[in-house]
Amino acid sequence: MVDLRGQYQTIQADINRRLQQIIESGAFVGGAAVSEFAHQLANYLSVAHVIPCANGTDALQIALMAAGLQAGDEVITVSFTFVATTEVIALLGLKPVFVDIDPHTYTLDTKQIEAAITPRTKCIIPVHLYGQCADMQPIMEIARRHNLYVIEDNAQAIGADYYAPDGTAQKAGTIGHIGCTSFYPSKNLGCYGDGGALFTNDSTIADNLRVIANHGQREKYTSELVGVNSR
Ligand SMILES: Cc1ncc(COP(=O)(O)O)c(C=O)c1O
């Protein structure tokens, strides 16, 4: 569906020049190019922090780890998504609770969320699909009332604008506590290989996400908590 070879051919000279620079720099994990990309993406999204990681699935897992949930806690999401959204919930010993989608938008039907909330509900993961943003205003309102964490799965809608009822626009993935995205090659913003990122406006959450994504380390070889290898 996505013509990756055709895309490459149109910007071949730029890509080759940048790849050459990276190979010559010797910085193959993180490094200046990744920091510059994170900075530019933060500006584009108008979000305070962009934390690069290994892929979109890791982004979702790291976000859930940062939310400090206990095994058995419930996470409301949709089944109409890529498997990764639910996979990480199960992997962390949490319980996915599915809410149906709105047949017009294919995203979480916000009218059905409250009926799914129990005393064990801790988090909502709306999934923005096909460049279409879930209706974030009621989701954030429900989350505020029930003290729930909101993690946006933005793997399929980077760059989409969400318009609140008062007409203000925000980029998809920057409205909840944490936004997650994927740079899988065929995504709206794809890379050459696997890649992902987390977004947040909260400095404390950002710090936590960075530590979790780097083996629980703030300083090299000093692990403060159980993290993952998703540098
Ligand atoms: C909605 C959704 N969530 C999560 C992911 C996982 O991203 P990745 O393949 O980079 O791990 C994808 C992409 O495949 C996706 O489409």
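Visitor: How many of the 11 residues of helix H4 are buried?
Guide: This is a predicted model, and helix H4 runs over residues 56-66. Buried here means under 20% relative accessible area. H4 is mostly covered, and its list of buried residues includes Gly56, Asp58, Leu60 and Ile62. The count of buried residues in H4 comes to nine.

Visitor: Which residue caps the N-terminal end of H4?
Guide: Look for a side-chain oxygen that lies 3.1 Å from the backbone nitrogen of Thr57. The residue that supplies this oxygen is Asn55.

Visitor: And what follows H4, with a phi that is positive?
Guide: The phi there is near 65 degrees. The residue with that positive phi is Gly68.

Visitor: Which helix gives the largest share of the shell around the ligand?
Guide: 14 residues surround the ligand, and Gly56 and Thr57 are among the closest. H4 and helix H5 (84-91) each supply at least two residues of that shell. The largest share is three residues, and the helix they come from is H4.

Visitor: How much of the accessible area of the ligand does the protein cover?
Guide: Start with the polar contacts: an oxygen atom of the ligand is 2.5 Å from an N or O atom in the side chain of Thr57, and a nitrogen atom of the ligand is 2.7 Å from one in the side chain of Asp153. Lys187 has a polar side-chain atom 3.0 Å from an oxygen atom of the ligand. On its own the ligand has 390 Å² of accessible area, and the share covered by the protein is 93%.

Visitor: Over to helix H2: what distance does H2 reach from its first C-alpha to its last?
Guide: H2 spans residues 12-25, which gives 14 residues. At 1.5 Å a residue, 20 Å is expected, and the model comes close to that. From first C-alpha to last, H2 reaches 20 Å.

Visitor: Which residue follows H2?
Guide: Its phi is positive, near 75 degrees. The residue is Gly26.

Visitor: Is Phe28 buried or exposed?
Guide: Phe28 sits in the loop between H2 and helix H3 (32-45). Exposed calls for over 50% relative accessible area. Phe28 has 59%, so Phe28 counts as exposed.

Visitor: What accessible area does the nonpolar patch with Phe28 have?
Guide: Phe28 shares this surface patch with Leu19, Ile23, Val29 and Tyr192. Together these residues have an accessible area of about 570 Å².

Definitions and conventions:
Residues numbered from 1 in each chain as written. Predicted model: local features only at pLDDT ≥ 70, side-chain atom pairs only at ≥ 80, totals over all residues. Heavy atoms only, no water. Helix = DSSP H or I, 4+ residues; strand = E, 2+ residues; numbered from the N terminus. Expected span 1.5 Å × (residues − 1). Patch = residues over 30% accessible without salt bridge, like charges linked within 9 Å, V, L, I, M, F, W, Y side chains within 5 Å. Areas by Shrake-Rupley, 256 points an atom, 1.4 Å probe, with all protein chains shown as cover. Salt bridge = Lys/Arg side-chain N within 4 Å of Asp/Glu carboxyl O. Buried < 20%, exposed > 50% of the residue type's maximum accessible area, 1.4 Å probe, protein only. Polar contact = N/O pair within 3.5 Å; in protein donor to acceptor, adjacent residues only side chain to side chain. Near = heavy atom within 4 Å.
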